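Look at the sequence and the structure shown here before reading on. The report then goes through the main features in turn.

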Amino acid sequence: MRLLSAVLVVAALRAQDPGEVMRRMAENVERGAAERVRWVYEQKVRASLVRSSGEISRWEKREYAVTPGAEKTEKELTAFEGEYRQGRKMYPYTEPGHKYKDSDIDGELIDDLVKDLVNDKKSRDGIPHSLFPLRTKDLALYRFAAAGEGEHEGRRFWKIAFEPAEKRGLFVDSDEDGPVRPWKGEAWVDAEEYQPVRIVTDLAYKIPWAVRTFLGTNLQQTGFSVTYQRVAPNVWFPVSYGTEFKVSVVFFYKRTIALGMESTDFRRAEANSRIEFDLVP
C-alpha cells in the first residue's frame with residue numbers, strides 16, 4: 001500500500017507543470033501570512049570575515065527573540081558576542097556596530113551585512129526578497145523546469161530548476177523592495193502543501209570583466225540557500241539560511257565572508273489578559 005502511494009505521488013508530480021507548481025507555492029506563501037503571527041521563536045546569527053591569509057579578521061554571534069508579523073518580523077537582540085583582530089591578537093566587544101578606529105572597514109562591513117542579509121525591515125522573515133525573488137509577481141522573470149523528486153523529513157518534494165527568462169544584465173528592474181537580480185537555482189516544493197522546502201540561488205551572470213579589471217571589484221561564489229521547516233499544517237518558517245563568498249575591492253581589501261542563520265524553538269504565542277472591576281458597595 002505504501003509503495004502504491006509513493007508511485008501515485010511520483011506520477012502526480014511528473015504530471016504537474018513546473019511553472020504551475022511555482023505559482024501555487026508563491027500563492028500559498030503569500031496566503032499564509034495571517035497564521036504566521038501566531039508563532040514566536042529563537043534565532044542565532046553568526047557572521048565572520050576571513051583574510052586572504054586565512055586569519056579570522058572579525059566574527060560576531062547574535063541571538064534574537066523573534067515575533068513574526070503579517071508583512072515583517074520584529075526581532076529583539078537578547079545576546080551578543082564579537083571579536084576583532086588587531087595585529088596578532090583578537091579583542092572582544094559586546095555591542096553591534098563596534099569600531100575600534102574611524103576607518104574600521106571590517107566593523108562597518110559585518111554590521112551592514114547582518115542588517116541587510118538577516119534583518120531586512122522590508123522582508124517578512126528578515127531575509128531580503130531580492131535574494132529569493134519567487135513571489136507571484138516575480139515569476140514572469142524566470143523559466144522553470146522539472147529537476148526530479150525527493151524526500152525530506154518523511155515528506156515528498158518536487159525539485160524545480162529556474163533561470164532568468166531572458167538575459168538582462170547583472171541588475172534588472174527595481175520594485176519597492178529593491179533591485180530584482182537575475183538568479184538561477186533550484187527550489188524544492190512540498191508535494192502535498194506546495195510550500196517551499198529549500199531554495200538555492202546563484203547569480204546567473206558573472207561580474208563583468210570591465211568592473212573586475214578597471215574598478216578592482218570582484219565577487220566569487222555569490223550564492224545563497226534557505227531551508228524551511230513545517231511547524232503546523234500549511235505553516236512553514238525558514239530554519240537555516242546562509243552564504244559564503246569572496247569579495248575583493250579596489251585591489252587592497254580581500255575577505256571571505258560567511259554568514260549563517262538558524263531558527264529554533266518554535267511555539268505558539270500566548271495571549272494572557274486579566275480584567276479587574278472596581279465594584280462600589
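What follows is a short report on a predicted model.

**The chain as a whole**

The chain has five helices and 14 strands. It consists of 281 residues, and 40% of them count as buried. The exposed area of the chain is about 16100 Å², of which carbon and sulfur atoms supply 51%. Among contacts in the chain with a separation of 6 or more, 58% are made by residues 24 or more positions apart.

**Paired strands**

Three antiparallel pairings are listed in the table.

| Strand | Partner strand | Bridges |
|---|---|---|
| β3 (residues 73-86) | β4 (residues 89-93) | five bridges |
| β6 (residues 155-164) | β9 (residues 183-190) | six bridges |
| β9 (residues 183-190) | β10 (residues 196-203) | seven bridges |

Single residues show how these strands face one another. Gly 82 stands opposite Tyr 93 of β4. Phe 162 has Gly 185 in β9 as its bridge partner, and Glu 186 is matched with Val 200 in β10. Strand β9 thus appears in two of the pairings, with β6 and with β10.

Two of the pairs are hairpins. Between β3 and β4 there are two residues, and Gly 87 in this hairpin takes a positive phi near 70°. The hairpin of β9 and β10 has five residues between its strands, and Tyr 194 in the turn has a positive phi of about 50°.

**Residues with a positive phi**

Most residues other than glycine have a negative phi. Against that background, which residue in the turn between β9 and β10 has a positive phi? That residue is Tyr 194. Two further cases can be added. Asn 234 is not a glycine, yet its phi is positive, at about 60°. Asn 234 belongs to the loop between β12 (223-232) and β13. With a relative accessible area of 40%, Asn 234 is partly exposed. Asp 265 is not a glycine either, and has a positive phi of about 55°. Asp 265 lies in strand β14 (residues 253-268). Its relative accessible area is 46%, so Asp 265 counts as partly exposed.

**The cavity and Trp 236**

The structure holds one cavity of 30 Å³ or more. About 100 Å³ of space lies in the largest cavity. Its lining consists of 13 residues, and those closest to the centre are Val 29, Arg 36, Arg 124, Gln 195 and Trp 236. Two elements, α2 (18-31) and β13 (235-249), each give two or more residues to the lining. The largest share, three residues, comes from β13. Sorted by class, the lining has six nonpolar, four polar and three charged residues.

Trp 236 deserves a separate look. Where is Trp 236 placed? Trp 236 is in strand β13. Is Trp 236 buried or exposed? Trp 236 counts as buried because its relative accessibility is 7%, and the cut-off for buried is under 20%. Among the residues that Trp 236 touches are Arg 36, Arg 155, Asp 190, Gln 195 and Pro 196. Trp 236 and Arg 36 are 200 residues apart along the chain, while their C-alpha atoms are separated by 8.3 Å. Both Arg 36 and Gln 195, which Trp 236 touches, are also among the lining residues closest to the centre of the largest cavity.

Conventions. Residues are numbered from 1 along each chain as its sequence is written. This is a predicted model: local features need pLDDT of at least 70, side-chain atom pairs count only at pLDDT 80 or more; totals for chains, interfaces and linings use all residues. Side-chain values use heavy atoms; hydrogens and water are left out. On a 1 Å grid over the protein atoms alone, a cavity is a set of points where a 1.4 Å probe fits but cannot get out, and a pocket is an open set with protein on both sides within 12 Å along at least five of seven lines; lining residues have an atom within 4 Å of a point. Grid points are joined across faces, edges and corners, and a volume is the space filled by probe spheres set on the points. Helices (H or I, at least four residues) and strands (E, at least two) are DSSP runs, numbered from the N terminus. Ala, Val, Leu, Ile, Met, Phe, Trp, Tyr, Cys and Pro count as nonpolar, Asp, Glu, Lys and Arg as charged, and the others, Gly among them, as polar. Two strands pair if DSSP finds at least two bridges between them. Buried means under 20% relative accessible area, exposed over 50%, partly exposed in between (1.4 Å probe, protein chains only). Contact means heavy atoms within 4.5 Å. Accessible areas come from the Shrake-Rupley method with a 1.4 Å probe; for residues, only the protein chains shown count as cover. Lists of a residue's contacts leave out its neighbours within four places in sequence.
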